[in-house]
Amino acid sequence: MPKASASNPNIHRRFHDVATYVSELGGPNGRVIEKVLIANNGVGAVKAIRSIRRWAYEVFGDERAISFVVMATPEDLKSNAEYIRMGDVIIDVPGGSNNHNYANVTLIVELARLHGVQAVWAGWGHASEKPALPNTLAMSDPPIQFIGPAGPPMYALGDKIGSTIIAQNAGVPCIAWNGSDVVAEYDRVTGTLPEEAFQKACVTSAIEASQAAASVGFPIMIKASEGGGGKGIRMVSNEEDVQNAYRQVCGEVPGSPIFIMKLSTNSRHLEVQLLADEYGNAIALNGRDCSVQRRHQKIIEEGPPVAARPEVWKKMEEAAVSLAKAVGYTNAGTVEYLYSEEEEKFYFLELNPRLQVEHPVTEMITRVNLPAAQLQVAMGIPLYHIPEIRELYGKNRFEASADIASGGSSIDFANTERVPAYGHCIAVRITAENAEAGFKPTSGGIQELNFRSTPNVWGYFSMDSSGSIHEFADSQFGHLFASGPNREQARRNMVLALKELSIRGDISTTVDYISKLIELDDFVENDIDTGWVDSI
């Protein structure tokens with residue numbers, strides 16, 4: 001039987017084990033997950049393990065109620081990576097680039113089956129957006145749960161062209177692009193659009209690019225649907241440069257479909273955090289402003305977004321939820337928008353079918369532990385039975401068993417208001433890049449990493465003072481999050497934290513660069529857009 005506090009059972013109630021928890025709170029598809037393979041490394045793996053262990057202690061009184069199997073390359077072992085020390089079972093995997101290890105679907109599935117895990121968490125990057133991973137895991141005997149969306153919606157939404165077609169047919173506002181007139185019906189079973197419709201939205205030659213650009217109107221963005229991280233994207237402001245830019249995009253992401261969209265100048269990058277279960281429930285967990293970017297790479301994230309008026313932001317959340325429901329999306333995801341403050345209009349950019357590295361911003365303003373919520377959704381637990389979601393909507397963490405059995409514990413999310421955001425949060429990515437040399441990635445040992453969390457600033461790193469960053473590692477090795485009752489206080493808390501952060505070693509970092517950035521008047525006054533950093 002669950003244990004409870006006599007004074008307040010809704011706050012301190014605990015369950016004997018995972019099976020009891022799922023038995024009482026799980027829906028018709030409830031399933032026990034006690035062993036998870038982390039198909040990731042670095043800060044992603046560290047964050048997932050810490051978050052889920054914290055949740056396990058709160059719910060079961062045992063942070064080891066969920067055990068973790070981690071993958072370790074020779075490079076990560078040599079660098080003394082933090083996540084390896086945190087794992088319960090450590091598996092040696094081949095080194096080198098991630099196609100040999102963390103992005104290798106065949107290897108991940110083999111390891112999951114060999115070690116008898118019930119679920120796989122891939123986080124972000126690596127194999128997190130490869131539909132073959134959830135599809136192949138589901139065919140295992142017994143099936144292995146992927147902690148994320150199913151293969152079909154991941155396939156459909158992971159493609160920028162396909163997701164834009166789906167979005168515009170679901171009534172989500174989209175900026176002018178070469179496929180604006182494409183009408184198509186999404187197949188929820190296969191996760192596909194009619195091939196004819198998809199091809200109609202692709203630009204297949206330099207000549208077509210010129211024609212599409214003239215139709216859309218300058219300035220434009222030429223984008224590869226399979227691009228990302230600053231690759232496969234070009235801004236073009238005149239007809240003479242279109243064909244050359246098109247060829248450059250094709251060369252950066254070979255074989256990728258190409259599309260052209262109107263460039264929204266002086267726009268914000270706002271995103272809605274989604275969470276959905278397998279019973280048709282989908283909610284928005286507020287969102288983030290990620291407008292501070294360098295060459296389309298996010299540098300600073302914050303939330304809640306204050307650039308959009310509350311009534312406009314509500315429409316953005318509603319559109320994101322509608323899109324998730326239209327494709328039968330499950331688990332965590334993020335809908336990204338371009339937002340014009342001058343026009344107070346928003347335009348669909350893409351849906352990332354995974355958890356984002358900046359998700360702790362949402363955690364701090366909603367108090368929802370997202371990796372733990374992901375795990376509970378994978379266990380088949382409805383959103384309205386996840387304790388932190390219930391609190392977010394002003395409900396008790398738990399209801400009596402009789403109410404659960406009768407359906408009295410359900411929540412009408414569409415007509416129930418969330419509690420207001422808990423203050424403001426600003427996040428800064430700590431990367432091993434040399435800002436004075438064009439942000440060139442650096443690698444090497446770390447002799448000192450001195451960071452002290454305070455009540456207002458929290459952070460995590462992929463290694464400590466005895467670690468190093470190897471040549472195949474992601475350049476981001478840390479993330480800091482400062483909170484405050486308002487944006488300015490959160491900013492000041494971050495300034496102080498960056499001043500006190502001490503990192504010494506063979507690497508260069510962006511700490512000094514960002515420290516100066518967030519002291520600039522434009523940032524203080526929140527007078528920024530996606531082109532701000534590149535214009536400085």
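Colleague: Why is the sulfur of cysteine 290 not in a bond with the closest cysteine sulfur, in cysteine 425?

Modeller: A disulfide is a pair of cysteine sulfur atoms within 2.5 Å, and because the sulfur of cysteine 290 is 11 Å from that of cysteine 425, the two are too far apart for a bond. This is a predicted model, in which local features need pLDDT of at least 70 and side-chain atom pairs count only at pLDDT 80 or more, while totals for chains, interfaces and linings use all residues. Residues are numbered from 1 along each chain as its sequence is written, and side-chain values use heavy atoms, with hydrogens and water left out.

Colleague: Is cysteine 290 buried or exposed?

Modeller: Buried means under 20% relative accessible area, exposed over 50% and partly exposed in between, with a 1.4 Å probe and protein chains only; cysteine 290, at 0% relative accessibility, counts as buried, and cysteine 202, at 8%, also counts as buried.

Colleague: What angle do helix H3 and helix H15 make where they pack?

Modeller: Two packed helices are described by the angle between their axes and the distance between the axes. Helices are DSSP runs (H or I, at least four residues), numbered from the N terminus, and axes are lines fitted to C-alpha atoms over the stretch in contact, with angles from 0 to 180 degrees between N-to-C directions. Here H3 (residues 42-60) and H15 (residues 370-378) pack at about 75°, their axes 7 Å apart, and they are therefore roughly perpendicular, a label for angles of 65 to 115 degrees.

Colleague: Which residues of H3 make the contact?

Modeller: With contact meaning heavy atoms within 4.5 Å, Lys47, Ala48, Ser51, Ile52 and Trp55 of H3 meet Pro371, Ala372, Leu375 and Gln376 of H15.

How values were computed
Helices (H or I, at least four residues) and strands (E, at least two) are DSSP runs, numbered from the N terminus. Angles under 35 degrees count as roughly parallel, over 145 as roughly antiparallel, 65 to 115 as roughly perpendicular and the rest as oblique.
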